[in-house]
Amino acid sequence: FFVFGSPVRSAMAEEKVKTEKVKTEGQVPSDKDLAKAVKDIMSGDIEGMTKKKIIKKLEEDFECDLTEKKEYIKAEIQKCLDEEEEEEEEEEPKKRKAPAPKAAANKRSRGTVCTLSKEDFLKKAPPLKITVDMGEGNTVDLVGQPRLFSSGSYGYYLNSKVPFTVDGADLTLGIGCNCIVVGSKK
């Protein structure tokens with residue numbers, strides 16, 4: 001069970017975007033058409049939507065069975081979620097730090113420097129998997145691909161939204177984790 005939604009999406013409820021119906025007469029649509037339709041759905045109010053419901057809506061809109069495109073559609077949904085997450089990160093105001101004392105600045109400048117180039121890291125680093133213990137024997141695996149952060153550092157970003165129950169109340173827990181290679185910004 002995977003629930004989508006955020007305050008940003010809820011605020012967009014008034015600006016629902018309807019997916020254009022594309023008649024394919026039983027033919028599977030192109031990846032380009034699917035990507036556009038997924039983006040249209042994801043730009044509307046998707047509170048309470050699941051990947052399964054999105055795929056079903058696409059099957060209705062395209063009037064065909066999309067079983068063979070299920071993994072592609074899920075990847076497009078995740079891409080939309082990742083893009084939204086990046087936009088939200090960029091919208092947060094940058095906090096200004098007070099200048100560090102001269103001794104601390106000198107010490108920091110002699111810190112660890114990563115010897116692997118960002119190009120090599122992005123090409124050769126394997127995916128990173130982190131398992132989160134949700135209690136009562138439930139675990140969630142977060143998997144992140146190598147990425148470049150807007151700060152110039154590189155590492156991994158892992159995120160997921162998972163169902164979580166507290167005192168009988170069903171909640172959605174947003175889990176996010178930045179794993180930055182120390183010294184990669186230099």
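**Which residues is arginine 147 in contact with, leaving aside its neighbours within four places in sequence?** Contact here means heavy atoms within 4.5 Å. By that rule, arginine 147 touches Glu86, Phe121, Leu122, Tyr154, Gly155, Tyr156 and Tyr157, with neighbours within four places in sequence left out. The residue is found in strand β3, residues 146–148. Strands (E, at least two residues) and helices (H or I, at least four) are DSSP runs, numbered from the N terminus. Arginine 147 counts as buried, because its relative accessibility is 19% and the cut-off for buried is under 20% relative accessible area (exposed is over 50%, partly exposed in between; 1.4 Å probe, protein chains only).

**A word on the model and the numbering.** This is a predicted model: local features need pLDDT of at least 70 and side-chain atom pairs count only at pLDDT 80 or more, while totals for chains, interfaces and linings use all residues. Residues are numbered from 1 along each chain as its sequence is written, and side-chain values use heavy atoms, with hydrogens and water left out.

**The whole chain, before zooming back in.** The secondary structure of the protein chain comes to six helices and five strands, and from the N terminus on the order is α-α-α-α-α-α-β-β-β-β-β. Of its 186 residues, 29% count as buried. Take the contacts between residues at least 6 apart in sequence, and 61% of them join residues at least 24 apart. The accessible surface is about 13000 Å², with 52% of that belonging to carbon and sulfur atoms; the areas come from the Shrake-Rupley method with a 1.4 Å probe, and for residues only the protein chains shown count as cover.

**The largest nonpolar core.** A nonpolar core is a set of buried Ala, Val, Leu, Ile, Met, Phe, Trp, Tyr and Cys residues joined through side-chain atoms within 4.5 Å. The largest one here has 17 residues, and those with the most contacts inside it are Val38, Met42, Ile54, Leu58, Ile73 and Ile77. Two or more residues apiece come from α2 (31–42), α3 (51–62) and α4 (70–91). The largest share, five residues, is from α2. A second, separate core has 11 residues, including Phe121, Met134, Ile175 and Cys179.

**Valine 38 and isoleucine 77 up close.** Setting aside neighbours within four places in sequence, valine 38 is in contact with Leu58, Ile73, Glu76, Ile77 and Cys80. Isoleucine 77 is found in helix α4 and is buried, with a relative accessible area of 0%. Its C-alpha atom is 8.6 Å from that of alanine 35, although the two residues are 42 apart along the chain. Over in α2, the buried residues are Leu34, Ala35, Ala37, Val38, Asp40, Ile41 and Met42.

**Helix α3 and its two sides.** The 12 residues of α3 should span 16 Å at 1.5 Å a residue, and its end C-alpha atoms are indeed 16 Å apart; the expected span is 1.5 Å times one less than the number of residues. Lys51, Ile54, Ile55, Leu58, Asp61 and Phe62 are the buried ones in α3. Down the helix axis these buried residues fall within an arc of 120°, so they line one face; the arc is that of the directions from the axis to the C-beta atoms. An α-helix has 3.6 residues a turn, so residues three or four places apart point the same way. On the other side of α3, Lys52 and Lys56 are exposed.

**Two loop residues with positive phi.** Glutamate 63 comes just after α3, in the loop between α3 and α4. Its phi is positive, about 55°, although it is not a glycine. Glutamate 63 counts as partly exposed, at 41% relative accessibility. Aspartate 167 is no glycine either, yet has a positive phi of about 50°. Aspartate 167 lies in the loop between β4 (154–166) and β5 (169–180) and is exposed, with a relative accessible area of 82%.

**The cysteines.** With a disulfide taken as a pair of cysteine sulfur atoms within 2.5 Å, the count comes to zero. Cysteine 177 is in no disulfide: the nearest cysteine sulfur, that of cysteine 179, is 3.6 Å away. Cysteine 177 is partly exposed, with a relative accessible area of 23%, whereas cysteine 80 is buried, at 11%.
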